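Please read the points below with the model open beside you, and locate each residue as it is named. The points move from the whole chain to single places within it.

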Amino acid sequence: FSLAPIAIMFFISSAVQFALPPGKTRVEAIKVSLLHGMKEGIGYIRSNTGIKIICLLLAVLGFAQGLVQPLRIYIITERLGLQKESLQLLYSLAGVGLFLGAILSAAYVNKFETRWVLFWGMIIFALLTIVEVMSRIVFLTAATYFVSGVALAFVQVALSSPLIKTVSEEYVGRVSGLITPLLTGGVLIGSGLSGLLMKHIT
């Protein structure tokens with residue numbers, strides 16, 4: 001049942017696509033090979049210092065998420081004394097925070113400099129992780145999940161805004177296609193190392 005709201009949101013977002021007005025501009029299709037497109041995208045990223053910093057932040061953020069997520073089950077069961085199924089409820093709170101944060105970030109993130117949003121976002125993530133690990137109070141842990149969802153929305157919007165503003169229109173797809181896997185790759189690497197760290201440190 002926890003996946004039902006997600007499925008509903010996907011259906012709603014799909015329906016909204018049909019309500020959009022048709023584009024008036026005509027775009028000529030240009031055939032570009034995959035390798036050539038990747039080469040041009042990598043070259044564009046290497047020539048832009050700001051985008052390189054965004055790539056680094058996305059990789060670090062993904063690695064941190066992947067490192068922490070598999071270990072949360074132990075926090076729930078050992079420190080809080082809850083059943084492992086309770087983790088789904090906490091992730092639901094994080095989803096609510098992410099939804100609310102998306103609304104707030106769309107309204108307020110442009111009023112602050114991107115670097116400060118990212119800086120304080122990372123600091124908040126670090127503090128929330130410490131509180132989550134040390135907490136033995138269920139409501140305090142639940143609050144960390146909610147606030148982390150709000151903070152994640154602000155960080156994601158702050159990371160995507162420079163791409164929209166600075167990347168040339170013809171390179172947006174190529175750059176996004178190269179940057180997005182960095183977050184996923186970071187999560188996978190972090191998840192793979194979390195078990196080893198748990199085994200050798202604890």
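## Notes on the predicted model

1. Thr184 is a useful place to begin, since at 45% relative accessibility this residue counts as partly exposed. Please keep in mind while reading that the model is a predicted one. Thr184 belongs to helix H8, and its C-alpha lies 8.1 Å from that of Ala59, although the two residues are 125 apart in sequence.

2. For the chain as a whole, there are 8 helices and 0 strands, so that reading along the sequence gives the pattern α-α-α-α-α-α-α-α. Of its 202 residues, 26% count as buried. The accessible surface amounts to about 14000 Å², and carbon and sulfur atoms account for 71% of that area. When contacts between residues at least 6 apart in sequence are considered, 81% of them join residues at least 24 apart.

3. Helix H8 deserves a closer look, as it runs over residues 172-201 and contains 30 residues. From its first C-alpha to its last it reaches 42 Å, which is close to the 44 Å expected at 1.5 Å a residue. The helix nevertheless has a kink of about 25°, centred on Leu193. Where along H8 are residues buried? Val175, Ile179, Gly186, Gly190 and Ser194 are buried there, whereas Thr184 in this helix is partly exposed, with 45% relative accessibility.

4. A second pairing that involves residues distant in sequence is that of Gln69 and Ser191, which are 122 residues apart along the chain while their C-alpha atoms are separated by 7.4 Å. Gln69 sits in the loop between helix H3 (49-68) and H4, and at 34% relative accessibility it counts as partly exposed.

5. How many salt bridges does the structure hold? There is 1 salt bridge, and it is formed by the side chains of Arg72 and Glu132, with 3.1 Å from N to O. Because Arg72 lies in helix H4 (residues 72-79) and Glu132 in helix H6, the pair ties together parts that are 60 residues apart in sequence. Both partners can be checked against the cut-off for burial, which is under 20% relative accessible area: Arg72 has 14% and therefore counts as buried, and Glu132, with 4%, is buried as well.

6. Glu132 also appears among the neighbours of Thr144, which touches Leu128, Val131 and Glu132 when residues up to four places away in sequence are not counted. Thr144 is found in helix H7 (residues 138-166). Is this residue buried or exposed? Its relative accessible area is 5%, and so Thr144 is buried.

7. Finally, please look at the surface, where a nonpolar patch of about 950 Å² is made by Trp116, Phe119, Trp120, Ile123, Ile124, Leu127, Ile130, Val133, Met134 and Val147. Which helix supplies the largest share of the patch? Helix H6 (residues 114-134) does, with 9 residues. Met134, one of the residues in the patch, is placed in helix H6; its relative accessible area of 58% is over the 50% cut-off, and therefore Met134 counts as exposed. Helix H6 thus holds both the exposed Met134 and Glu132, which is buried with a relative accessible area of 4%.

Definitions and conventions. Residues numbered from 1 in each chain as written. Predicted model: local features only at pLDDT ≥ 70, side-chain atom pairs only at ≥ 80, totals over all residues. Heavy atoms only, no water. Helix = DSSP H or I, 4+ residues; strand = E, 2+ residues; numbered from the N terminus. Buried < 20%, exposed > 50% of the residue type's maximum accessible area, 1.4 Å probe, protein only. Contact = heavy atoms within 4.5 Å. Patch = residues over 30% accessible without salt bridge, like charges linked within 9 Å, V, L, I, M, F, W, Y side chains within 5 Å. Areas by Shrake-Rupley, 256 points an atom, 1.4 Å probe, with all protein chains shown as cover. Salt bridge = Lys/Arg side-chain N within 4 Å of Asp/Glu carboxyl O. Expected span 1.5 Å × (residues − 1). Bend = angle between axes of the 7 residues up to and from the residue.
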